[in-house]
Amino acid sequence: MDASLFRRVEFPADVQPGPLAPLAAAAAERLRAAKQKVTVFEATTAGLIQAALQAVPGASSYTTCGAVTYSTSQASALLGADLSAPRPADGEAYRQSKSAWTQMLARRMRKAIGATWCVCESGACGLTFNYPDVSSGFTSIFVSGPIERGITVESPHNKREENMWAFTKLALDLLAECVAEASALLPAADSAGAGAGEATETFAALDDRYGGVEVAVSADTLASPSAPSSAQFGRELARALEDWRARGKQGVWLKVPDSQAHFVGPAIALGFQFHHALPGYVQLTRWMPEGLPSPLPNYGFTQIGVGGVVVNTKGEVLMVKERVSPLPMFQGQWKLPGGLADPGEDFAATVAREVREETGVVGTLEGLVSLRHSHGFRFGQGDIYVLVRLRADADIIKIDPHELLDAQWMSRENIQAALVPSADYKGSMEGLVSPNNWKMICNALDGSLIEGTTMPNSRGGPPSMLYTAREMGEAT
């Protein structure tokens with residue numbers, strides 16, 4: 001909680017139950033003039049703030065939905081999440097907790113509703129109280145919007161209805177004050193980079209299913225006439241982190257579009273770390289519990305490569321020489337065609353595409369041969385190499401000169417004849433076959449195949465592929 005945004009005010013002893021509209025007249029007039037809307041989330045005042053705003057004619061132009069959250073533990077259905085906190089130890093902690101609650105809720109619900117302003121109020125009116133060291137009414141009121149202000153007040157008595165009306169007047173007066181101050185200061189604040197108490201619309205936050213928060217920066221922010229600076233974003237993000245921590249949130253996922261890349265620096269300064277980047281955005285994370293290792297999952301760290309043992313009607317295997325091998329030591333060797341899978345591509349589709357693109361040969365899937373799992377590849381990734389056997393539909397080869405130097409159909413005997421002289425061979429690989437390729441080819445020609453069948457995708461996307469070994473004794 002940012003306690004610097006709160007001030008203590010005197011209890012308005014002259015307020016008595018009566019007409020509602022006069023209480024909201026000043027706030028309503030200023031909201032209409034600014035063409036802004038307010039949402040209200042109140043507890044102790046039990047709807048009087050919203051009622052007073054709606055009592056002024058033309059209220060639909062400046063009010064929107066809100067709620068009475070009288071019991072935080074039971075308000076999750078209205079607020080979209082369980083925001084309850086542990087019970088305070090005593091009356092003083094109870095009073096302080098109300099300021100943290102109103103500040104957090106006002107910021108959260110202003111974004112959730114999409115209003116310019118949010119008024120949040122919570123306290124206790126009487127006649128009785130939950131703590132023996134609390135004997136009179138009190139409340140905390142926070143207004144979040146283009147600027148932010150909060151007040152606390154203690155009543156000299158426990159007269160329930162009188163306290164409700166007095167707290168309502170204080171809330172509406174604070175709202176009117178904030179709207180007027182923002183109207184006078186916002187242009188200057190924009191040109192100067194803003195300052196304490198501001199509240200911009202730079203991101204939206206939603207609770208996830210794992211006790212964390214997913215935060216998305218709007219790609220349209222930069223196009224706004226009052227586009228926030230990096231410093232403004234940093235201040236708003238810092239306030240949000242404070243609120244999330246107070247609510248017991250743990251992992252924070254921050255997605256920043258490339259048009260707002262200048263927001264990445266302030267996020268890193270606040271403890272965020274890079275998770276991954278793709279065209280259009282960068283994803284950052286922050287694990288907030290101190291002293292606990294982060295369980296947030298890493299981005300994908302394993303690539304999938306697929307190789308094809310393509311066999312023609314003569315039992316020959318398609319072998320290729322790459323124009324540029326991944327490592328100099330393998331330049332010029334004969335190897336199996338293949339390549340890296342594209343996102344969303346099945347093994348068989350990958351190898352069929354790679355074989356067709358490199359050699360012009362079209363093949364039909366016969367089965368999966370084997371998997372090889374290695375580590376320490378490019379960018380520190382692991383590598384899963386999947387070997388698939390294909391039956392060639394025709395023997396005609398048409399190589400892609402940008403990918404290959406050569407491609408040939410080779411008999412098993414010719415492949416074996418090209419095998420390197422020994423397992424510890426260190427010489428040129430020109431025209432030779434590595435022991436690993438020879439072993440995989442033998443497995444494909446002599447061993448059993450693993451069959452692939454489709455099954456429904458539990459996430460609703462394209463069908464999944466399930467690969468299973470044939471039963472013992474089943475013919476290949």
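Trainee: Before we start, what does "buried" mean for a residue here?

Mentor: Keep in mind that we're looking at a predicted model. A residue's relative accessible area decides the label, and over 50% makes it exposed. Buried is the opposite label, and it means a relative accessible area under 20%.

Trainee: Good, so what share of the residues of the protein chain count as buried?

Mentor: The protein chain has 476 residues. With the cut-off for buried at under 20% relative accessible area, the share that counts as buried is 45%.

Trainee: Is the chain a compact globule or more spread out?

Mentor: Start with the parts: the protein chain holds ten helices and 19 strands. Its radius of gyration is 34 Å, while the globule rule gives 23 Å for 476 residues. The value is well over the rule, so the chain is more spread out than a compact globule. Along the principal axes, the C-alpha trace spans about 105 × 50 × 40 Å, and the answer to your question is: more spread out.

Trainee: Which strands stand at the edges of the open six-stranded sheet?

Mentor: Read the order of that sheet, 1-6-5-4-2-3, with mixed pairing. The strands at the edges each have a single partner strand, so one side of each is left without a neighbour in the sheet. Those are strand 1 (6–8) and strand 3 (67–68).

Trainee: Staying in that sheet, which residue of strand 6 stands opposite threonine 139?

Mentor: Strand 5 and strand 6 (residues 149–154) pair in the antiparallel sense over six bridges. Strand 5 covers 138–144. Opposite threonine 139, in strand 6, stands valine 153.

Trainee: Now for valine 38: buried or exposed?

Mentor: Valine 38 sits in strand 2. Its contacts, not counting residues up to four places away in sequence, include Leu31, Tyr62, Trp117 and Leu175. The relative accessible area is 1%, and the cut-off is under 20%, so valine 38 is buried.

Trainee: How far is the C-alpha atom of valine 38 from that of lysine 111?

Mentor: Along the chain, the two residues are 73 residues apart. In space, their C-alpha atoms are separated by 11 Å.

Trainee: What about threonine 468: which residues is it in contact with, leaving aside neighbours within four places in sequence?

Mentor: Threonine 468 belongs to strand 19 (residues 464–469). It is partly exposed, at 37% relative accessible area. Its C-alpha atom is separated by 48 Å from that of leucine 270, which is 198 residues away along the chain. With the sequence neighbours left aside, the contacts are Ile450 and Glu451.

Trainee: Where does lysine 35, with its positive phi, lie?

Mentor: Lysine 35 has a phi of about 55°, although it is not a glycine. It is exposed, with a relative accessible area of 76%. Its place is the loop between helix 1 (21–34) and strand 2 (38–42).

Trainee: And phenylalanine 379: buried or exposed?

Mentor: Phenylalanine 379 has a positive phi of about 65° although it is not a glycine. You'll find it in the loop between strand 15 (363–374) and strand 16 (382–392). Its relative accessibility is 75%, and the cut-off is over 50%, so phenylalanine 379 counts as exposed.

Trainee: Last one: which peptide bond is cis, with omega near 5°?

Mentor: Look in the loop between strand 4 (117–124) and strand 5 (138–144), where leucine 127 has its place. The cis bond runs from glycine 126 to leucine 127.

Conventions:
Residues numbered from 1 in each chain as written. Predicted model: local features only at pLDDT ≥ 70, side-chain atom pairs only at ≥ 80, totals over all residues. Heavy atoms only, no water. Helix = DSSP H or I, 4+ residues; strand = E, 2+ residues; numbered from the N terminus. Rg over C-alpha atoms; globule rule 2.2 N^0.38 Å. Buried < 20%, exposed > 50% of the residue type's maximum accessible area, 1.4 Å probe, protein only. Pairing = 2+ DSSP bridges. Contact = heavy atoms within 4.5 Å.
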